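Here is a short, friendly note to read alongside the model. Keep the 3D view open and look up each residue as it comes along.

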Amino acid sequence: MQPLAESTPVHSRRTAARNGPSVKWFLLFWILMIGLGVYAVYSYTNHLKQQVLSELSAQSQQQLTVLKTDYESRIAVLSEEVKELQNTVQTFNELLTFTKDNASNKTDNSNKLYTQLSEVKKQLDALKKEMDLLK
């Protein structure tokens with residue numbers, strides 16, 4: 001039985017020697033796998049962040065284009081209205097001048113024209129204020 005007793009400590013040393021490096025390799029493998037997992041999650045979140053940012057940028061650019069088009073159309077409409085009112089004011093001025101030149105002491109239509117002219121000027125000023133607000 002002695003030879004058996006001698007082989008047991010040698011055998012336990014060999015087993016310990018084999019288990020030592022294999023445990024080290026096993027731990028190293030799991031640490032490496034965990035590190036790779038963390039890196040994969042980090043890379044994927046960065047990818048998703050870039051994708052969301054690009055989508056938001058495209059959406060905001062599209063909305064800005066729509067707003068710009070709407071703004072330009074409103075400005076064009078207001079410009080046309082201002083031109084029409086300026087033409088009306090010019091016509092009233094000419095009519096007022098003509099009426100003043102031809103007015104007699106019996107009829108005084110100039111007050112009516114001045115009233116109409118002041119109303120048109122008020123409307124013109126209101127439209128100009130709207131245009132300034134839009135700009």
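A residue is called buried when its relative accessible area is under 20%, exposed when it is over 50%, and partly exposed in between. Please also keep in mind that this is a predicted model.

1. **Overall layout.** Let's begin with the whole protein chain, which has 2 helices and 0 strands. Helix α1 covers residues 2-102, and helix α2 covers residues 110-134.

2. **Inside and outside.** How much of the protein chain counts as buried? Of its 135 residues, 11% do. The chain exposes about 11700 Å², and 61% of that area is supplied by carbon and sulfur atoms.

3. **Contacts along the chain.** Take the contacts in the protein chain with a separation of 6 or more: 76% of them are between residues 24 or more positions apart. It is worth tracing a few of these in the viewer.

4. **A negative patch.** Now find E80, E81, E84 and E130, which together form a negative surface patch. Helix α1 contributes the largest share of this patch, with 3 residues. E130, on the other hand, is found in helix α2. Is E130 buried or exposed, or something in between? Its relative accessible area is 43%, and because that value lies between the 20% and 50% cut-offs, E130 is partly exposed.

5. **A nonpolar patch.** Next, look for a nonpolar surface patch of about 920 Å². Its members are V23, F26, L27, F29, W30, I31, L32, M33 and L36. W30 makes a good landmark here, and you will find W30 in helix α1. With a relative accessible area of 43%, W30 is partly exposed. Patch members must have over 30% relative accessible area, so W30 at 43% passes that cut-off.

6. **The salt bridge.** How many salt bridges does the structure hold? There is 1. D70 and R74 form a salt bridge, and their closest N and O atoms are 3.7 Å apart. That distance counts because the cut-off for a salt bridge is 4 Å.

7. **Why these partners line up.** Both D70 and R74 sit in helix α1, 4 residues apart, so about one helical turn separates them. As for their surroundings, D70 counts as partly exposed at 35% relative accessibility. R74 also counts as partly exposed, at 47%.

Methods:
Residues are numbered from 1 along each chain as its sequence is written. This is a predicted model: local features need pLDDT of at least 70, side-chain atom pairs count only at pLDDT 80 or more; totals for chains, interfaces and linings use all residues. Side-chain values use heavy atoms; hydrogens and water are left out. Patches are made of residues with over 30% relative accessible area and no salt bridge: like charges are joined within 9 Å, nonpolar side chains (Val, Leu, Ile, Met, Phe, Trp, Tyr) within 5 Å. Accessible areas come from the Shrake-Rupley method with a 1.4 Å probe; for residues, only the protein chains shown count as cover. A salt bridge is a side-chain nitrogen of Lys or Arg within 4 Å of a carboxyl oxygen of Asp or Glu. Lys and Arg count as positive and Asp and Glu as negative; His and the chain ends are not counted. The place of a charge is taken as NZ of Lys, CZ of Arg, CG of Asp or CD of Glu. Buried means under 20% relative accessible area, exposed over 50%, partly exposed in between (1.4 Å probe, protein chains only). Contact means heavy atoms within 4.5 Å.
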